[in-house]
Amino acid sequence: MLKNYEELNEVHIDVLREIGNIGAGNAATALASILDERVEMSLPVVRITDFDTAINALGGAEAMTVGVLVNFYGEANGMIMFLMKMEDAQKILSILLQGFDTEEESEEMTELKLSAIKEIGNILGSSYINAIATLTGLQINLSVPYIAIDMAGAIMSVPIIEFGSVGDKIMFIEEVFSGRENDLRSNVIMFAQIETLKLIMERLGLNL
Amino acid sequence: MSQTLVVGISDYRVSRKPNILVTYALGSCVGICLYDKRLQVGGLAHIMLPDSTQFLHQHQEINRMKFADTAIVDVVKEMQLLGADIRNITAKIAGGARMFQMQSNTQLGSIGDRNVDSVKQVLGNLGIPIIAEDTRKNYGRTVYFDLSTGIMKVSSLGKNVLEL
């Protein structure tokens with residue numbers, strides 16, 4: 001019986017990677033149409049790492065980061081986070097808010113900007129969750145999006161606490177999106193409870 | 001020569017002057033700086049969760065450095081091995097933020113508060129006074145703990161460094 005993330009084997013990881021792939025495919029399409037730009041995505045990476053490595057993988061503990069968090073719950077439980085560096089968030093906003101009167105050059109995060117970023121997180125989260133729900137037939141709900149602008153490590157402490165209570169490692173599926181014309185990068189990472197992973201595998205005909 | 005020793009997540013270090021202990025980007029986790037001023041011996045723990053007891057029955061080995069109740073006790077023991085007297089130990093704490101403005105009645109929304117509450121209770125039970133704190137609120141903190149002076153420096157993005 002699967003007790004912690006360290007016990008996931010190659011077959012499970014392949015399945016998770018494929019889920020990431022489908023979710024990210026949906027997400028990239030959504031992102032491309034919002035930004036009106038070709039969006040490329042990396043191959044998804046399934047990481048099973050200790051806590052400090054998870055943070056360092058995202059550009060260092062103290063890097064100023066914009067994070068949007070969407071919880072999913074119901075038959076499957078977990079979290080999707082959309083993370084980008086502050087400067088990339090600004091670039092995305094300048095594309096998104098073209099035509100709005102937003103004191104153009106201002107770096108300040110206005111309410112309008114915050115909701116725009118939150119909305120992207122929301123759309124990306126839904127893309128992933130739809131993929132999983134379609135694949136598995138599980139009933140899954142999404143929370144509203146929450147935003148934080150802070151040190152990467154402080155933002156990541158939230159999923160690490162939530163999913164790191166059992167064992168000393170966490171698992172996440174990570175995807176890097178980059179714009180074709182503008183040089184921007186963002187990460188989408190998905191965490192899921194161990195029971196949820198079991199259920200997903202079961203639904204896909206794999207026994208854990 | 002002063003060395004800077006980094007404390008990770010669910011980790012602690014104990015050392016003596018002139019070394020500096022640092023832990024980066026505390027969010028909802030809590031950093032606990034314990035100090036014996038007389039000996040200039042101190043420890044810094046970076047805990048993630050309030051209480052180990054709910055995990056004990058799961059037939060799993062727990063990482064004692066992850067929880068407030070176990071990590072603090074272990075830091076005190078290690079300081080005692082370096083000669084510290086528990087009657088001289090004082091505490092400064094930082095962290096326990098609510099990073100996302102979620103409902104506080106959810107498990108996830110209140111974890112920072114519960115971490116701070118537990119740290120205070122554990123220190124109280126040990127009779128260790130808290131002489132400074134920068135806790136809760138909604139932002140991340142990096143903590144530097146100077147074992148020569150016992151000063152805890154807290155730095156956050158877009159804010160002045162606090163010296164406590």
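Two cavities of 30 Å³ or more turn up in this structure, which is a predicted model. Let's take them one at a time, and then look at how the chains meet.

Start with the largest cavity, which holds about 80 Å³ of space. Its lining comes from chain A, and the list runs through A:Leu31, A:Leu35, A:Glu37, A:Val39, A:Phe82, A:Ile92, A:Phe177, A:Ser178, A:Gly179, A:Leu184, A:Arg185 and A:Ser186. If you'd rather find your way by secondary structure, look for helix 1 (10–35), strand 7 (169–179) and strand 8 (185–192) of chain A, each of which supplies at least two residues of that lining. Strand 7 of chain A gives the most, with three residues. As for chemistry, the wall of the largest cavity is made up of seven nonpolar, three polar and two charged residues. A:Glu37 and A:Arg185 are the charged pair in that lining.

Now for the second largest cavity, with a volume of about 40 Å³. Here both chains are involved: A:Val158 sits in the lining along with B:Ser28, B:Ala97, B:Arg98, B:Met99, B:Phe100, B:Met102, B:Leu108, B:Gly109 and B:Ile111. Sorted by class, this lining has seven nonpolar, two polar and one charged residues. The charged one is B:Arg98, while B:Ser28 and B:Gly109 count as polar.

That brings us to the interface itself. How many residues of each chain are in contact with the other? On the chain B side there are 32, and they touch 31 residues of chain A. Together the two chains bury about 2400 Å², and 70% of that lies on carbon and sulfur atoms.

What about charges across the interface of chain B and chain A? The rule finds one salt bridge there. Its partners are B:Lys66 and A:Asp168, whose side chains come together at 3.9 Å, N to O. Polar contacts add to the picture, with nine residue pairs between chain B and chain A, both residues at pLDDT 80 or more.

Which elements of chain B face chain A? Strand 3 (20–26), helix 3 (111–126) and strand 8 (141–146) of chain B each put at least two residues into the side that touches chain A. Strand 3 of chain B gives the most to that side, with three residues. By class, the side of chain B that touches chain A splits into 16 nonpolar, 14 polar and two charged residues.

Key. Residues numbered from 1 in each chain as written. Chains lettered and ligands numbered in written order. Heavy atoms only, no water. 1 Å grid on protein atoms, 1.4 Å probe; cavity = no way out; pocket = protein on both sides within 12 Å on 5 of 7 lines; lining within 4 Å. Points joined across faces, edges and corners; volume = space filled by probe spheres on them. Helix = DSSP H or I, 4+ residues; strand = E, 2+ residues; numbered from the N terminus. Contact = heavy atoms within 4.5 Å. Buried area = accessible area lost by both parts, 1.4 Å probe. Salt bridge = Lys/Arg side-chain N within 4 Å of Asp/Glu carboxyl O. Polar contact = N/O pair within 3.5 Å; in protein donor to acceptor, adjacent residues only side chain to side chain.
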